[in-house]
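Here is a short note to go with your first look at this entry. Please keep the structure open beside it as you read.

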Amino acid sequence: MIAPAPLKQNQPSQIRVRVLRQDGPGQDPYWQLFDIDYEREMNVISVLQKIAAKATTVDGKKVSPVAWDCGCLEEVCGSCTMVINGRVRQSCSALVDRLLQDNPDEIVLQPMTKFPVVRDLLIDRQRLFNSLKRVKAWVPVDSYYNLGPGERLPRVDQERAYPLSQCMSCGCCLEACPQFNKIELTQEAGETQEQFEARKQAAYDTAFIGAHAISQAMLFNQHPTGKALAGERLDALMGPGGVATCGNAQNCVAVCPKEIPLTTSIARAGRATTVAAIKNWFEGSGEKKEQRVGE
Amino acid sequence: MAQHRVVVVGGGLAGLAATMKLAELGVKVDLISLTPVKRSHSVCAQGGINSCNDQTRQLGDSEWKHFDDTVYGGDFLNHQPPCKEMAFWAPKVIDLMDRLGVPFNRTGEGFIDRRRFGGTLYKRTAFAGATTGQQLLYALDEQVRRQESEGMVKKYEFWDFLGPIQDETGRCRGVVAQDMVSMEIRAFPADAAVVATGGNGLLFGKSTMSVFCTGSAASRCFQAGAKFGNGEFIQVHPTAIPGADKLRLMSESARGEGGRVWVPRKPHDSRSPKEIPQADRSYFLEERYPKYGNLVPRDIATREIFDICVNEGLSVETDRMCVYLDLTHIPKAELDRKLGGILEIYEKFQGVDPRFEPMKIFPAVHYSMGGLWADYVKSADGGLLPGAPRNQMTNIEGLYAIGECDYHYHGANRLGANSLLSCIFSGLFIGPSITNYAANQKGGHAELPSSVIDASVASQQRRHAQLLKGSGGDENPYLIHQELGDVMTRSATVVRRNDQLREAIAQVDDLHQRALRVSLSDGGNWTNQNVIFAKAVQDMIPVAKTLLHGALQRDECRGAHYKPAFEKPSLTAEEPGERRRQAEQWCDEFEANNRRFLKSTIAVWDSNSNQPQISYEDVDTSLIPPRPRLYGLVGADVIEEVWKERAAARAEQKAAQPATA
Ligand SMILES: Cc1cc2nc3c(=O)[nH]c(=O)nc-3n(C[C@H](O)[C@H](O)[C@H](O)COP(=O)(O)OP(=O)(O)OC[C@H]3O[C@@H](n4cnc5c(N)ncnc54)[C@H](O)[C@@H]3O)c2cc1C
Ligand code: SF4
Ligand code: SF4
Ligand code: FES
């Protein structure tokens, strides 16, 4: 870790914040400017809190408070992702003093671009959680009754699993990925809520699954009990929108706030799916499915 | 058997554990949460989760000792049957979490590693790096996702719970909640409802808790008639990093590894800390407690830091209270090796490297011991009767409370690493209780009369519409929240004085009036965070009042509740006979005080006067007789001697009784 450069002594009395706002899905986005009083040790969350309390733009216009999402305020819940001065990151760990060092004129806040905007900086990340279902990111235990401890686990295995297990579903890796494109559907006239949900689900299920889910698949494929579903997870990763879609741009790993070794996971998934594909090819995929049912 | 349906409000550890267990038992669950459940506040827990284990057992530990540490730590205000059950379940809870894939740290041989936490002599605490809560929550989140994909669970995330639905008999038949995106208000009819909505740190403005911890859900149950227990017991952690938005926890290990706490002797010395010579520094913990130095127990450290800033005016800064926690005298390499992770947190959020500059820290509200009153059924062996419908049920029939929002596991002070345990335990244990309850009810979720549903929804719609319309007032909910936080922090955290509490009650009464006259800057009906927050602030106030009244009426010191005016004095006499007499008197007073205050504080909300009504209920201390906590008291040895004699006499008497009866 490099010792941070000392901060500038003379800080401004006010900070200008430029926010990309949008009143609802499908509406046109627009910029709004806010001036707020500078305080030491602020982060982007406290900036937004001040904007919420004041709700007045630079030209003195009363506006509705900016909508945004946050939770833990210590970079472990994954809620507060947004694009800050052009870079996707968690807003709770975005310190104002540092941002001003890079750009003293203003702080620019935008919603993530790969997810549908709900309102202002608030986006809909259902698709991200849906990907976790696609790869069955869980350990298929028999029951929640008391059946004694799990298998003994060598320390090296724990040390390999722990970093992957810290993924907080923030979506930074997806925002940065050139292969991950926004899906924004709107309910059609005459379509019920259920039909709309089903159509959304189908679209999510075939689009690129993303680095975080590939990494979770690898996490559970190495778990002693989680392994039982390894074949199904690889099938999901071989399907449309699976690991082959990844163009290996490595943007994901560069922006992950938890420094998860995503490209290592992707490489492992790539190798594992190749091996599985060759095996399927030799065994004939129809035969393989029957076999699984019989197992 | 009819298909049961249960609504669970809250998807932290407690809510998720209950959800997955209910799903396993074949119950359909609607799971409601302010946030995607994976983002619940439980992710913040760092330290670990307790259980007696094979290693500690061989050193003399047992489930019973874990139970004993829990109630001793809680100053005997814990209800003993549930605590006993929890301690005996603890090893099984850890086994289950292990099977679910939690990457607990391992020993060289591959067993789960343990560390020691405060309040015990044994290494009971299992941990997963510095993110144990996150790892436990994820394991449960994954199982609930699995149940969701099998159609047993339906999640309603970004939904705000507004209140229970009660039929004409008062029984809970579901809940009303609001979609925070579309603002739709709808009913969730159910055979039973569970609230697992966590703590209420936001009453204090800023705390170590997440922004979701408003306590609004518990307050809505309270205002609907649920009893609230032990509200005045709030745990304050001695060392947190004061931030503009949140007070982030700084682990005790910083002091454990040699960190020194100090302030400049001159108030608000404007020199940078490194330029202040030793002679101008006050290492006040070392000066006042030469024996323990910086490693005095949590509550003492908290009080001293508070005292030096508030009463002596020696805070490092003028506009904010804090003291230095200094590690700069320790070689950098050693710090990196031992404290790397936690120093990174400081650096990440403060932008200052604590290896070169002293950290600034201050105590922060950390945990709510009190919460919704919940029942239990005692078993013959003194634990809980599994599957009894009343376990964890509030006084509203069919409404259950679990996790940090219940009140009976942690007494006057929570033991470190016991909360994650109580959350998962209560969540798992409640499953069969609920199915048994539901099986014995006449009307299920499908038979709820539409008139009851409509009335519940309509009353919430009225409240919502009124807020959007405005009452002609111009109060800003954000500012009211700030003021409430200031009042509560000043009067009801570390040190409590009756004059200050009375003043605070008057101020909060006034804030209550003002909160009802809020004017919103957003009158729209799409993702209106303004109105959601305004409701939360309004609903914080009944709990705040409960806390203040409970604290005012409790004229004693117990656990986290510290009133210097009622502190029990040390022994003063030197002469052995006189010292013994003083010890006898001390014990008499201790017993008299227990007769008066070894009780749960119970509040019920009176909506006519808009005030809580406080009464007291007995605590079940049938398994481990209360004994004094004598830490650091002069004459502790004599008091202990007297106490033991009395305890032995009582035990003899008790043993003799059944024979004569
Ligand atoms: C910084 C920190 C460190 C800690 N470390 C430890 C530790 O090491 N060991 C330990 O044992 N304990 C620790 N604790 C305590 C422990 O983390 C909590 O007590 C525990 O996680 C609470 O879990 P819960 O399930 O009761 O509630 P939470 O995790 O708080 O979840 C509450 C749920 O309720 C929902 N909810 C709340 N209000 C509403 C509403 N109005 N409508 C709908 N949904 C709602 C939320 O969305 C959330 O899903 C720590 C606490 C903090 C603050
Ligand atoms: S490596 Fe793959 S997943 Fe990562 S950013 Fe590139 S294309 Fe996306
Ligand atoms: S892999 Fe990293 S960037 Fe992607 S969702 Fe997980 S924590 Fe966020
Ligand atoms: S608020 Fe939780 S990650 Fe930023």
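The points below deal with the two domains and the interface they share.

1. A word before you start: this is a predicted model. Chain A is split into domain 1, residues 12-119, and domain 2, residues 125-294. Between the C-alpha centres of these two domains of chain A the distance is 32 Å.

2. Now for the contact itself. Domain 1 of chain A brings 19 residues to it, and domain 2 of chain A brings 18 residues. Together the two domains of chain A bury about 1,500 Å² between them, with 56% of that area coming from carbon and sulfur atoms.

3. On the domain 1 side, three residues are worth finding on your screen. A:V88, A:K114 and A:F115 account for 42% of the area that domain 1 of chain A buries against domain 2 of chain A, more than any other three residues.

4. Next, the polar side of the interface. The rule finds one salt bridge across the interface of domain 1 and domain 2 of chain A. A:R125 and A:D69 form a salt bridge, in which the closest N and O atoms are 3.7 Å apart. Nine residue pairs, both at pLDDT 80 or more, are in polar contact across the interface of the two domains of chain A.

5. Which strands help to build the side of domain 1 of chain A that touches domain 2 of chain A? Strand 3 (81-84) and strand 4 (87-90) of chain A each supply at least two residues, and strand 4 of chain A gives the most, with three residues. By class, this side of domain 1 of chain A has nine nonpolar, six polar and four charged residues.

Definitions and conventions: Residues are numbered from 1 along each chain as its sequence is written. Chains are lettered from A and ligands numbered from 1 in the order in which they are written. This is a predicted model: local features need pLDDT of at least 70, side-chain atom pairs count only at pLDDT 80 or more; totals for chains, interfaces and linings use all residues. Side-chain values use heavy atoms; hydrogens and water are left out. Domain bounds come from an automatic or database domain assignment. Contact means heavy atoms within 4.5 Å. Buried area is the accessible area (1.4 Å probe) that two parts lose on being put together, summed over both. A salt bridge is a side-chain nitrogen of Lys or Arg within 4 Å of a carboxyl oxygen of Asp or Glu. A polar contact is a pair of N or O atoms within 3.5 Å; within protein, one must be able to donate a hydrogen and the other to accept it, and residues adjacent in sequence count only if both atoms are side-chain atoms. Helices (H or I, at least four residues) and strands (E, at least two) are DSSP runs, numbered from the N terminus. Ala, Val, Leu, Ile, Met, Phe, Trp, Tyr, Cys and Pro count as nonpolar, Asp, Glu, Lys and Arg as charged, and the others, Gly among them, as polar.
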